[in-house]
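User: I would like a close look at a single part of this model, followed by an account of how that part fits into its surroundings. Please keep the description connected rather than itemised.

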Amino acid sequence: MTYCKAIEYLDSLNSLGSVPGLDNIRELLCRLGNPQNQLKIVHIAGTNGKGSVGVFLAYSLIEAGYKVGRYSSPAVKEYLETITLDNNNIPENNFAASIEKIKVVCDEMLNEGLTHPTRFEIETAAAYMFFAEEKCDICIIECGMGGAEDATNVMDSVLCSVITSISLDHTGFLGSNIEEISRAKAGIIKNGCATICLKKEPQFTVISEFAVQKNSELYAVDPHNIDIEDAAADGIILNYGAHNEIEIKLSGLYQPVNAAIALECIDYLNSHGYSINETQIKSGFIKTRWFGRFEVLSEDPYFIIDGAHNPDGARALYHTLVTYFPDEKIKFIMGCFADKDYDSILKILSPIAESFVTVATPNNVRALDSKTLAEYIKKYYDIPVVAYESIDAAISSVIKEIDKDDICVAFGSLSHLKLIADKYKECLPSMR
């Protein structure tokens with residue numbers, strides 16, 4: 001099977017959607033030899049911060065000389081970026097070979113009257129197969145959605161479970177309040193395996209209860225114990241525990257918490273057979289990059305992209321903006337999915353908004369129409385707004401009107417941020 005044929009096959013499965021439950025993925029992996037049980041895994045769940053914690057860990061472990069597999073979703077810039085080995089995407093031929101093997105098993109399951117695995121289940125199986133074949137020293141596995149019934153949650157044991165900040169998202173699948181969603185996320189906690197989590201209520205109470213039930217040693221990261229020495233749009237310096245003057249280039253003010261969770265995880269790994277020294281940690285953290293997380297594309301004018309796509313993300317973005325740019329009004333470019341709580345997001349960000357430009361992610365059935373969003377802003381918020389049919393047209397217009405002293409922030413679904421970033425970078429030379 002060629003890479004193109006593999007993608008065609010996976011595309012044909014999109015109509016299967018997302019199916020909660022683990023019976024199918026367990027059956028699929030069992031027939032593939034249960035590669036997930038050959039791996040040493042750090043398993044990460046949470047609403048916000050999963051990816052950032054994962055990349056902080058990956059960069060540090062790579063600096064320490066370990067062979068690191070990482071599985072995260074969704075893809076933003078390139079499809080194969082969801083499965084990486086030492087921060088390099090899985091090669092096309094390896095991916096195609098894995099999908100070919102998996103397709104044979106899926107066909108067998110279907111012929112036997114079983115349900116065909118979903119695309120995400122197949123991609124998850126491909127990641128586990130690839131990491132096992134490569135004999136990774138450690139694998140960082142990020143839940144796609146939820147925890148207990150997420151397709152990644154199929155291993156017998158883990159090095160540790162990590163649970164980041166939890167907020168209201170995917171309520172149709174996970175629950176209508178933080179407690180219910182926390183129970184879903186806490187489903188990744190394994191019997192006798194350690195758990196590292198954020199000490200934030202009400203999620204902490206729920207996670208603590210699960211940890212007791214699972215005889216899991218709990219390590220809590222208290223945000224009050226994080227000392228921020230310096231914070232600016234070009235980076236942050238923080239202290240946490242025994243770690244001093246840790247510099248990160250992910251400059252959103254929500255990132256010190258993610259960095260501290262990663263440091264807590266590194267401390268645990270160091271006490272259980274791994275060896276990542278302070279020099280390697282500092283080198284890994286300062287090298288860490290993660291697309292679309294308060295990423296400054298230019299400073300004159302300021303043009304920033306951020307993946308705030310739920311109320312918690314919007315609050316974090318608001319806090320960062322009012323800290324770095326006090327008393328300034330922001331030109332926002334907004335795009336989101338129709339199933340997101342965009343009214344709460346607007347309530348949070350509208351007090352600092354000078355104007356809005358609305359866009360929609362092309363070729364995505366979940367995308368909220370830009371005109372619909374603009375009409376909503378016009379109806380409920382007294383802020384100038386313009387809707388654009390295409391991202392290219394939106395960015396071209398913004399660039400013509402933007403002044404060197406302006407602050408422009410594109411936020412929302414990560415799916416459209418790459419298109420915005422690419423178009424902006426393409427136009428940068430003409431702005432100089």
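How many bridges join strand E6 to E7, and do the two strands run parallel or antiparallel?

Analyst: The model is a predicted one. Within it, strand E6 (residues 160–163) and strand E7 are joined by four bridges, and the two run parallel. One of the facing pairs places Cys160 opposite Ala194 of E7. On its other flank, E7 pairs with E8, again in the parallel sense and over four bridges. Here Cys197 has Ala220 in E8 as its bridge partner. The connection from E7 to E8 passes through helix H8 (residues 203–213), and this β-α-β crossover is right-handed.

Strand E7 itself covers residues 194–198, and five of its five residues are buried, so the strand is largely enclosed by the rest of the structure. In a regular strand the side chains alternate between the two faces of the sheet. In E7, Ala194, Ile196 and Leu198 point one way, whereas Thr195 and Cys197 point the other way, and all of these are buried.

The wider setting is an open sheet of eight strands with mixed pairing, in the order E4-E3-E2-E5-E1-E6-E7-E8. Strands E4 (88–89) and E8 (218–221) stand at the edges with a single partner strand each, so one side of each has no neighbour in the sheet. For E8, the pairing with E7 is the parallel one over four bridges. Elsewhere in this sheet, strand E2 (residues 68–71) runs parallel to strand E5 (residues 138–142), and four bridges join them. Gly69 stands opposite Cys139 of E5 in that pairing.

The loop between E2 and strand E3 (83–85) contains Glu81. This residue is buried yet has no salt bridge; Lys77, the nearest side chain of opposite charge, is 6.5 Å away, while a salt bridge requires a separation within 4 Å. Leaving aside residues up to four places away in sequence, Glu81 touches Ser72, Pro74, Ala75, Val76 and Asn89.

A second group of strands can be described in similar terms. Strand E15 (residues 353–358) has five of its six residues buried, so it is largely enclosed by the rest of the structure. Strand E14 (residues 330–335) pairs with E15 in the parallel sense over five bridges, and Ile333 has Val357 in E15 as its bridge partner. E14, helix H12 (residues 342–349) and E15 make a right-handed β-α-β unit. E15 also pairs with strand E16 (residues 385–387), in the parallel sense over three bridges, with Ala387 in E16 as the bridge partner of Thr358. Another right-handed β-α-β unit is made by E15, helix H13 (residues 370–380) and E16.

The cysteines deserve a final remark. A search of the whole structure finds zero disulfides. Cys106 is in no disulfide, and the nearest cysteine sulfur, that of Cys30, is 14 Å away. Cys106 is also buried, with a relative accessible area of 0%. For Cys336, the closest cysteine sulfur belongs to Cys408 and is 17 Å away, too far for a bond. Cys336 is likewise buried, with a relative accessible area of 5%.

Technical notes:
Residues numbered from 1 in each chain as written. Predicted model: local features only at pLDDT ≥ 70, side-chain atom pairs only at ≥ 80, totals over all residues. Heavy atoms only, no water. Pairing = 2+ DSSP bridges. Disulfide = S-S within 2.5 Å. Buried < 20%, exposed > 50% of the residue type's maximum accessible area, 1.4 Å probe, protein only. Lys, Arg positive; Asp, Glu negative; His and termini not counted. Contact = heavy atoms within 4.5 Å. Right-handed = clockwise from strand over helix to strand, strands pointing away.
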